[in-house]
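Reader: I should like to learn how to read the secondary-structure arrangement and the surface features of a protein model. May we work through one example together?

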Amino acid sequence: MREIIIGSRESVLAVAQTKILQDHIEKNCPGISVRILTMKTTGDRILEKRLDEIGGKGLFVKELDLALLENRSQLSVHSLKDMPMETDAALPILGFSRREDPRDALVLPAGRMEPDPVLPIGTSSLRREIQLKTLYPEIKTEIVRGNVVSRLKKLDEGKYGALVLAAAGLKRLGLSERISRYFSVEEMLPAAGQGILAVQGRRDLDYRFLEGFFDEEARDAALAERAFVRALGGGCSSPVAAYAACEGDELVLTGLYVREDSGSCGAGTREADVLCRRKDFGADQKDASGSRRTTFGSAEDGGCTGYTVESIRGKRTDGERLGAELARHMQSRDCP
C-alpha cells in the first residue's frame, strides 16, 4: 500500500484542516494510507510581535516547505490566507478546497453578552484593526497571537474584552457557539484566501489521486484575490484585503489596502472597463453607471479612518487580470 505523508502545523486547527484532506484520500483512494507529520513553524514560535514585524506569512510555511523538499512529506495543507504570495516553483499549489465561511467574527468571553468596554479587543491583524476602528472609533485594540485555542483561553481569563477571529477556523474546530456576531464582508473585508485551504506538493510527483477534492469556485476566487495582493507587493507590511464572490460565470472582486506613504485607506472593485470611483465619505451612493459605492468612516485629520467599497462584475476566467488591474489602478490614484 502506498503511504502519503501530509505536513501540517501542530496546532489543533491546522491538524483539523489537514484531516479534511486525509479523510478525502482515505475515503476515495483505498490503495493509499495517510499519515500526518506535525511540526512547529517559526511563525508559531514568535508570538510577541505581529507577523509584519517579524518577516511576514512565510514564517508559517518554511519548515513545511523543507519537509516537502527533503521528501519527509509529499503534501502540505495550509490556510491560504497564511501563505506567501510567491511560492517555490518546485513546490506548487496543487489546488484549493471548497471555501468555508470567509467572514470575520466577534468572540466574547464565556458567559458574557457584550464586550467589557474597559478591555481591548484582541486582534493579530492590522487589516482587522483599521476596519474595527472604522466601525467602532471608540474602541482600543491590542495584539493577540497564538493558535485559536490559546487565544480563547486568554480571552476567558479576562485579558481581552473580545477577540476578532476568522469564522472558518472556529467552525472547523466545532466552536461556532463562541461566535457572538459575524462581520459581513461589507463591514470587514477578509484577508485574501480566507476560508480556503491550499494543498501544496512537489512538482515531480503524481497527484492524480487528489482529483475530486479541489473546488473550481474557490480556485477562481483565490487566484483573483492573490493577484490583487501580489500586484501590491504582497502586503508585507501594509494592510491588504481582497474578496472575490463568484456568481455564475461572473466574479465580483473587492480590494483594500493602505498607502504606506500617506496613511490613507481605500477600497474598490473593478472590471476591465470600469474605473475606481473617487473616495467620498457618507451614505451609500450609485454613480451614473449604476455601480454601488459603499462608504465607511470619516476623513478627519487625514488619517486612515474611512474607505470605499464598490461592486463591479467581471468574468471569472479573468480573475487574475482583474486583481492586477485593480491593484494598479488603486495605486495610481491620489485617492484610492
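Reader: Which strands does helix H6 lie across, and at about what angle does H6 run to E8?

Author: Please note at the outset that this is a predicted model. To place a helix against a sheet, one asks which strands it touches and how its axis is directed. Helix H6, residues 148–156, lies across E5 and E8, and its angle to E8 is about 165°. Helix H5 (residues 126–135) lies across E5 (104–107), E6, E7, E8 (162–166) and E9, running at about 125° to E8.

Reader: In what order do the strands of the sheet with E8 stand?

Author: The general idea is that strands of a sheet pair through backbone hydrogen bonds, in either a parallel or an antiparallel manner. Here, 5 strands form an open sheet ordered E7-E6-E8-E5-E9, and the pairing is mixed. The edges are taken by E7 (141–143) and E9 (179–183); each has a single partner strand, so one side of each is left without a neighbour in the sheet. On average, and with direction ignored, neighbouring strands of this sheet are turned by 30° against each other.

Reader: How many bridges join E6 to E7, and which residue stands opposite Ile121?

Author: E6 (residues 121–123) and E7 run parallel and are joined by 3 bridges. Ile121 has Thr141 in E7 opposite.

Reader: Where does Ile121 lie with respect to the second largest pocket?

Author: A pocket is read through its volume and its lining. The second largest pocket has a volume of about 260 Å³. Its lining comprises 14 residues, and Ile121 is one of those nearest the centre, together with Pro115, Tyr136, Glu138 and Ile139. By class, the lining consists of 9 nonpolar, 1 polar and 4 charged residues.

Reader: What is the strand order of the open sheet that contains E1?

Author: That sheet is made of 5 strands in the order E2-E1-E3-E10-E4, with mixed pairing. Its edge strands are E2 (32–39) and E4 (93–96), each of which pairs on one side only. From one strand to the next, the twist averages 25°.

Reader: How many bridges does E1 form with E2, and how many with E3?

Author: E1 and E2 pair in the parallel sense over 8 bridges, with Ile5 standing opposite Arg35 in E2. The pairing of E1 (residues 2–9) with E3 (residues 75–79) is also parallel, over 2 bridges, and Gly7 stands opposite Ser76 in E3.

Reader: Why is E1 described as largely enclosed?

Author: Burial is judged from relative accessible area, the cut-off being under 20%. Of the 8 residues of E1, 6 are buried, so the strand is largely enclosed by the rest of the structure. Helix H1 (residues 12–28) lies across E1, E2, E3 and E10 (197–201), running at about 160° to E1. Helix H4 (residues 62–69) lies across E1, E2, E3 and E10 as well, at about 165° to E3.

Reader: Is Leu256 buried or exposed?

Author: Leu256 is found in strand E12, residues 250–258. Leu256 counts as buried because its relative accessibility is 0%. Its C-alpha atom is separated by 9.0 Å from that of Ala327, 71 residues apart along the chain.

Reader: How many helices and strands does the chain have, and what percentage of its residues is buried?

Author: The chain has 9 helices and 17 strands. Buried residues make up 54% of its 336 residues. Among contacts with a separation of 6 or more, 70% are between residues 24 or more positions apart.

Key
Residues numbered from 1 in each chain as written. Predicted model: local features only at pLDDT ≥ 70, side-chain atom pairs only at ≥ 80, totals over all residues. Heavy atoms only, no water. 1 Å grid on protein atoms, 1.4 Å probe; cavity = no way out; pocket = protein on both sides within 12 Å on 5 of 7 lines; lining within 4 Å. Points joined across faces, edges and corners; volume = space filled by probe spheres on them. Nonpolar A, V, L, I, M, F, W, Y, C, P; charged D, E, K, R; others polar. Pairing = 2+ DSSP bridges. Helix = DSSP H or I, 4+ residues; strand = E, 2+ residues; numbered from the N terminus. Axes fitted to C-alpha atoms, helices over the stretch in contact; angles between N-to-C directions. Contact = heavy atoms within 4.5 Å. Buried < 20%, exposed > 50% of the residue type's maximum accessible area, 1.4 Å probe, protein only.
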